[in-house]
Amino acid sequence: MKKWKYRPMIFTDSRSGLRAVALSLILSLPGAHIALGTEDKASHAQRPEVRLKETPVSLGKIPANAKIFGIRVNLPDADHLAYATRVNDTMAVYVDGIKGPDVKAVAKGTPIFSPYTDRVAYIVYEGDKARTVVDGKKGPALDGVSDLIFSPDGLSWACRIQEGKKQAAMVNGNIGERFDFVSGMPLFSPDSQKTAILAANNKAWFAVVGDKKYGPYEGVKEPAFSPDSRRFAFAARKEGKWILVCDGTEGKAYENISAITWSPNSSRLSCVAQADNMLLIVEDKKEHEPYRTVSAPLFTPDSARLFYSAQKGKKWMVITDGKTGPKFDQLGPTVTSADSTGLAYVGIKKNKPVVVVNGKKGKKYDSVGMPVFSPDGRHLAYRAMKNNRWFMVLDGTRGTPYDEVSRPTFSPDSSSVAYTATLGDRRVMVVDGKEQLPFDDIGPPCFSPDGTTLAYKVLVDDQWGICVNGTLTDNRYAGFLKAIPIVFGSDTRLHGIALKREPEAEFFRLEVEIERAERLKTEG
């Protein structure tokens, strides 16, 4: 079977001498198969016939002889595009095809989009100075700029700066108190109203939240706002030991402290502590049993349960509210359902993996993938392999075997599950156990918010399009951006970002309006 690989794609136009490297274009994903049937909800196996109205919107042509770096899209909408280019010794940033000023260099990791507000920021170097560029406006010339970030609401931005021998945080263009050293990226509170940094003067370390300083200490690390933004915790080194500091109150001293974790409702605080060369979870000052190794503590979405992995001797187990689960040689990550009723993980014993759900072990297989809960928490699916054949396991029931299967995707209403499957050179989308049309290659499934429409990227005759409930778009492209999904703006509208290479290399946002069968019948 032909092996597909991800790699940069180089487009050459002999007429213009264009040589542009378009990074991170989607090619293929391996596939999978299974059926979902529930007594309480009908699946959408027979999806309505659709008619597609397509509108390609140009997001700019790639400059001739340019190399592209740092492709970014705005999230969660993914309908705008930014990237940096280099032509000879000059760089520039393009946003939806609009070019910014020429500069000597653009910092790695930029440009970046703000969440929700679609603002763009990046760092440029001109001569021996660095500047921020936010919303197209250049900031002051500084000796250094790094760690640029937007607040969660997208309305504010911050970075770390250097002036001479001093460092500081700059928030919305305003430079704060100078220190000898500022450690890492500024941290915004979840409500975007506060900013925290870790900084030092003359080897005296402080945790700084706005105008308030906690310290001095011998060292500080791991600042953490509570989800409601009202509380603040960090680890501090004092008299050679590490303590957990919460809202200025110092806790017990340990050899080390890490993995500071708040519960989603902000009422509980936990961390990993080291004592007598053993690791233990400390939860609201309560010490759990020490182990050789423990993972970071996690809470269920409702904040009611705390769980973590622990190693005792040569065996691993998951501890949930102090209760020990089955012992294994190795453990995979633990996942929870959105309603907090389900907790699942992969355990391996004697090279045979099983999925454990709420402490109950499933069947043994030669290999298994990460388990996935449905949004309502009532179903669990994962891919598994036995005798070199892959299949989907849904609620404990095996599906049809294939050469390869992908991770499952549930519809938002939990009534359907889809995944890609490979059998020989044939790749198909499988929806509720039924194979859809075969293609040369297939991208991951994307459901509309109401779950009745399924869309995915497909490769047909070396060109990529979008398949919507079995209907293909007329517009085809050299590739879609890798790791950027098709996005449904509503139940009847979607879009994806792609690139054409002829007659010139150009990015497009393909907007698709979906007319469903009910409306088509009415018109008829």
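The following exchange asks what lies behind several descriptions of this predicted model.

Me: What makes the chain one of strands in its secondary structure, and how many helices accompany them?
Reply: The chain holds 57 strands and one helix. Its accessible surface comes to about 24400 Å², with 49% of that area belonging to carbon and sulfur atoms, and buried residues make up 50% of the 524 residues.

Me: Why is Cys 159 called buried, and what is the case for Cys 246?
Reply: The cut-off for buried is under 20% relative accessible area. Cys 159 has a value of 0%, so Cys 159 is buried; Cys 246, at 12% relative accessibility, is under that limit and therefore counts as buried as well.

Me: How many disulfides does a search of the whole structure find?
Reply: The search finds zero disulfides, where a disulfide would require a pair of cysteine sulfur atoms within 2.5 Å; because the count is zero, no pair of cysteine sulfur atoms in the model meets that limit.

Me: What is the form of the peptide bond from Leu 75 to Pro 76, and which peptide bond involves Pro 216?
Reply: The bond from Leu 75 to Pro 76 is cis, with omega near 10°, and Pro 76 lies in the loop between strand E5 (67–73) and strand E6 (81–87). Gly 215 and Pro 216 are also joined by a cis peptide bond, with omega about 10°, but the place of Pro 216 is in strand E21 (residues 212–217). Such cases are worth pointing out because most peptide bonds are trans.

Me: What is the sign of phi at Lys 350, and is that residue buried or exposed?
Reply: Lys 350 is not a glycine, yet has a positive phi of about 55°; this residue is found in the loop between strand E36 (343–349) and strand E37 (352–357). With exposed meaning over 50%, the 70% relative accessibility of Lys 350 is above the limit, and therefore Lys 350 counts as exposed.

Me: How do you know whether Asn 469 is buried or exposed?
Reply: The relative accessible area of Asn 469 is 15%, which is under 20%, so Asn 469 is buried. Asn 469 is found in the loop between strand E52 (463–468) and strand E53 (471–472), and has a phi near 50°, a positive value in a residue other than glycine.

Me: Why is His 288 called buried, and which side chain makes a polar contact with that of His 288?
Reply: His 288 counts as buried because a relative accessibility of 12% is under the 20% limit. The side chains of His 288 and Tyr 308 are joined by a polar contact of 3.3 Å, which is within the 3.5 Å allowed. Not counting residues up to four places away in sequence, His 288 touches Leu 280, Ile 281, Glu 283, Leu 306 and Tyr 308.

Me: Which members of the largest nonpolar core touch the most other members?
Reply: Of its 18 residues, these are Ala 455, Ile 466, Val 468, Leu 494 and Ile 514. Two or more residues each come from strand E4 (50–61), strand E51 (454–460), E52, strand E56 (493–500) and strand E57 (506–516), with the largest share, four residues, coming from E57. Apart from this core lies another, of 17 residues, among them Ile 68, Ile 71, Ala 78 and Leu 481.

Technical notes: Residues numbered from 1 in each chain as written. Predicted model: local features only at pLDDT ≥ 70, side-chain atom pairs only at ≥ 80, totals over all residues. Heavy atoms only, no water. Buried < 20%, exposed > 50% of the residue type's maximum accessible area, 1.4 Å probe, protein only. Areas by Shrake-Rupley, 256 points an atom, 1.4 Å probe, with all protein chains shown as cover. Polar contact = N/O pair within 3.5 Å; in protein donor to acceptor, adjacent residues only side chain to side chain. Contact = heavy atoms within 4.5 Å. Core = buried A, V, L, I, M, F, W, Y, C linked by side-chain atoms within 4.5 Å.
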